[in-house]
Number of protein chains: 2
Amino acid sequence: MKPILPEGHLAAWRRYYPSFWRILAAIEADLAAAGLPSLSWYDALYELYLAPGRHLRMNELARSALLSRSGLTRLVDKLEKEKLIERQACPSDGRVQHAQLTDKGVEQLRKMWPVYRAGIAKYFAAHLTDAEAAQLEKSLGKVATAMEPPREAGD
Amino acid sequence: MKPILPEGHLAAWRRYYPSFWRILAAIEADLAAAGLPSLSWYDALYELYLAPGRHLRMNELARSALLSRSGLTRLVDKLEKEKLIERQACPSDGRVQHAQLTDKGVEQLRKMWPVYRAGIAKYFAAHLTDAEAAQLEKSLGKVATAMEPPREAGD
DNA sequence: GGAAGTTAGTTGCATACACAACTAATTTTA
DNA sequence: TAAAATTAGTTGTGTATGCAACTAACTTCC
């Protein structure tokens, strides 16, 4: 097996990988220090916030929030207990549950965003020029798009 | 709180974040499918491989391998049980343990690398031109360098 | 040199997550 | 329409990880 992995690309990966982990840990620490829940809560709430009607099926939410379905079930349990979302049975398909963002959920997003934004600014954006950010967005956009539909069947 | 986070930088973050998670999940799946251990094993073994004498203190290894000290202790337990590393008491300081890479550990790295490399190539590098990879390396290098010493005391 | 403080590593405990097995509901097939 | 296959979500179980508390060893300070 000899895949095409030029030195320069490997060097990029060797920056990409640890930078992400360290930024993530720093942001999580900031959230925890502010008495706020973790980024996985934010991700799920934010995906619902973006969705039309502010609701998604569990399956869709799992995909957007980068979780397995079982992981999503547990996360939704916690979010529902905090009344940040509500489970709603789908009238047209008895198997489907919708996760519906509540006003309290929107409020939680508003509380978390300043801390999250500050973390992105401090740990990530502060080190990039406008041009670099634009270039990064373009390059990683291609990567992200390619990975987007995490189907199991071969491409 | 109004940190400097221009739109373009936020857009870059919104690509960076999910692209990383998805690539990581794909690579981990490939490793598991090949009957190999996870990336955290690779990271730890590789850091030891790079270190002079192929050994590091637990503390140093925890930092390089992006783990908490307790997490590292548990990981080293497992690596040692597989004889991929050995714990060695430091002669000059009785508190210190060194993790020493064994030949079997080097062998494990050699088994994992082709799968890991193929994942990097397929999920990451394939979508980037040489110029983009170079630019990414430079930009994320600045980010990574800034995050590098994860000290707890305020900057 | 001995008490107090610091440092390195480990262990107890709690949490977050994935995979596989399960249940229930829908769709397909004959 | 009844059986088989598929799909959505949940639950059982195992694993990885972090934080806080702990132990042991070194350093500092008087």
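**DNA strand D and a helix pair in chain A**

Q: Which backbone sits 3.0 Å from a phosphate oxygen of DNA strand D?
A: This is a predicted model, where local features need pLDDT of at least 70, side-chain atom pairs count only at pLDDT 80 or more, and totals for chains, interfaces and linings use all residues. Side-chain values use heavy atoms, without hydrogens and water, residues are numbered from 1 along each chain as written, and chains are lettered from A and ligands numbered from 1 in written order. The pair is a polar contact (N or O atoms within 3.5 Å). The backbone N or O atom belongs to A:Q97.

Q: Which side chain has an N or O atom 2.7 Å from a base nitrogen of DNA strand D?
A: Look past the phosphates here: B:K78 has a side-chain N or O atom 3.2 Å from a phosphate oxygen of strand D. The one at a base nitrogen is B:S70.

Q: How much of the DNA strand D atoms within 4 Å of the protein is sugar and phosphate?
A: There are 21 residues around strand D (a heavy atom within 4 Å). Among those that come nearest are A:T73, A:R87 and B:G94. The sugar and phosphate share is 63%.

Q: How are α2(A) and α4(A) arranged relative to each other?
A: Helices here are DSSP runs (H or I, at least four residues), numbered from the N terminus. Helix α2 (residues 39–50) of chain A packs against α4(A) at about 85°, with axes, lines fitted to C-alpha atoms over the stretch in contact, 11 Å apart; angles run from 0 to 180 degrees between N-to-C directions. The range 65 to 115 degrees counts as roughly perpendicular. α2(A) and α4(A) are therefore roughly perpendicular.

Definitions and conventions
A polar contact is a pair of N or O atoms within 3.5 Å; within protein, one must be able to donate a hydrogen and the other to accept it, and residues adjacent in sequence count only if both atoms are side-chain atoms. Helices (H or I, at least four residues) and strands (E, at least two) are DSSP runs, numbered from the N terminus. Angles under 35 degrees count as roughly parallel, over 145 as roughly antiparallel, 65 to 115 as roughly perpendicular and the rest as oblique.
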